[in-house]
Amino acid sequence: MSALELWLVSYLANSVWMVPFIFTAAWATAAMTRSLGPRMAHRIWVAALMLEILLPALRLRTLNAGSLWRILRGLHVTTAGEGRTAITMSTATEYLKSGIVLPHGVVSAIAMIYAAILAYFTAKLVWSLWRTLLLAKNPAPIDGGIQIRWRAVTAAFGINAGIAESREAYGPSTVGLRNGLLLLPDGFAERTAEEDLTAVMAHECAHIVRRDFAKNLLYSLIALPCAFHPAMWLTQARLSESREMVCDAIAAEMLGDPKKYARSLLRLVSGMVERVPRNVHAIGIFDANHLERRIMILTGKKGTSAGALRAVTFAACAAICLGTCASALTLRTEIGTEANGTTENGRPMAKDA
């Protein structure tokens, strides 16, 4: 059995339970820091996504200098001779181990299925990027008053970005890694009130300023190893929602009236009679399906947090983060080598029936 197969199955076994564990901790942290605004929530969900990908891959080696690292070794899968593979799990102490022994063929099959799943989600991402390239390949330029309004909005944000129309666009969307391009559906600008069009432009300019297209691509690439996991889907949904809320806050601040911006959002959504499912990677104002929460954030009272309360909140969040990482690393699954019924540490391994 190859080392790659062992690593893949170890990563899969750990990600199955670690991803929802980290998601739950991130959800609790986001709830605690709700008063600190959408920017804090977005940072939390970005950190959660990173941890959900990295923690299942970490394996702390045993150090002769201290038993703490041996305690944190965790759950592992080992090659057990005679065509068998051992999957071992340790709890908070290295002396409490349990495991199962599977034929090499079963573990190899699991690794192949996992590799096929990774290939599927990779192909899906490549397809969405291809659709995005087609979307922005031959856009129709926009001139006249709309172009003048767009230049005024971009000037307020201090950016240089283009605007065009596309028959393939389902709604206002931003594409581009370096210089952003706002794509509007055919006829969208003509049938949209000036106030609402300005709100759209401000929101999309916020995406361009933040380089959300490039960040979203990076997050999608990073999430591929756990793209099969429902908890990862929830994490990405929360990340998308918080990103849209951050851009809502930036756009509302630029327009000077959050309630006015919220009314524009409602009119824009009500004007879109048909929502076309899309398989593209562009960033748009209607990406997150949480409009009600976005409106409530915009129209709700802006509370202020005292310095002491903020410090306590940050300390609690740090404790949750550290506790989550430590818990994940003290109870983990690994794949390694076992011979004659003993683990690679030389300790006998309990076998499940």
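What share of the 353 residues in the chain is made up of buried residues? Hi everyone, let's start there. The answer is 46%. Please keep in mind that we are looking at a predicted model.

Now the overall layout. The secondary structure of this chain comes to eleven helices and nine strands. If you take contacts between residues at least 6 apart in sequence, 71% of them join residues at least 24 apart. I'll show you a few such long-range pairs as we go.

Let's look at a pair of helices. Helix 1 covers residues 3-32 and helix 4 covers residues 104-135; their axes come within 9 Å and cross at roughly 75 degrees. Angles from 65 to 115 degrees count as roughly perpendicular, so helix 1 is roughly perpendicular to helix 4. Who meets whom there? From helix 1 we have Glu5, Leu8, Val9, Tyr11 and Leu12, and they meet Val107, Ser108, Ile110, Ala111 and Tyr114 of helix 4. Sorted by type, the residues of this contact are eight nonpolar, one polar and one charged.

Next, the inside. How many residues does the largest nonpolar core have? It has 33, and those with the most contacts inside it are Trp45, Leu49, Tyr114, Cys226, Met232 and Leu239. Helix 1, helix 2, helix 4 and helix 8 each supply at least two residues of this core. The largest share, ten residues, comes from helix 1. You have already met Tyr114 in the helix pair. Beyond its neighbours within four places in sequence, tyrosine 114 is in contact with Leu8, Tyr11, Leu12, Pro225 and Phe228. There is also a second, separate core of 27 residues, and Ala199, Val200, Val246 and Tyr261 are among its members.

On to helix 2, residues 38-54. Here is a little check you can do yourself. With 17 residues at 1.5 Å each, helix 2 should span 24 Å, and its end C-alpha atoms are 24 Å apart, so the two agree. Buried residues of helix 2 include Trp45 and Leu49, along with His42 and Glu52. Arginine 43 lies in helix 2 too, but it counts as exposed because its relative accessibility is 52%, and the cut-off for exposed is over 50%. Its C-alpha is 8.5 Å from that of leucine 239, although the two are 196 residues apart in sequence.

Try the check again on helix 8, residues 230-255. Its 26 residues should span 38 Å, and the end C-alpha atoms are 37 Å apart, which agrees. Just after helix 8, glycine 256 takes a positive phi of about 85 degrees.

Now helix 6, residues 194-210, where we find methionine 201. Is methionine 201 buried or exposed? Its relative accessible area is 0%, so it is buried. Setting aside neighbours within four places in sequence, methionine 201 is in contact with Ile146, Arg149, Trp150, Val153, Ile163 and Leu182. Alanine 251 is 50 residues from methionine 201 along the chain, and their C-alpha atoms are separated by 8.5 Å.

One last stop. Arginine 211 sits in the loop between helix 6 and helix 7. Most residues other than glycine have a negative phi. Arginine 211, however, has a positive phi, near 55 degrees. With 48% relative accessibility, arginine 211 counts as partly exposed.

That's my tour, so thanks for listening!

How values were computed:
Residues numbered from 1 in each chain as written. Predicted model: local features only at pLDDT ≥ 70, side-chain atom pairs only at ≥ 80, totals over all residues. Heavy atoms only, no water. Axes fitted to C-alpha atoms, helices over the stretch in contact; angles between N-to-C directions. Helix = DSSP H or I, 4+ residues; strand = E, 2+ residues; numbered from the N terminus. Parallel < 35°, antiparallel > 145°, perpendicular 65-115°, else oblique. Contact = heavy atoms within 4.5 Å. Nonpolar A, V, L, I, M, F, W, Y, C, P; charged D, E, K, R; others polar. Buried < 20%, exposed > 50% of the residue type's maximum accessible area, 1.4 Å probe, protein only. Core = buried A, V, L, I, M, F, W, Y, C linked by side-chain atoms within 4.5 Å. Expected span 1.5 Å × (residues − 1).
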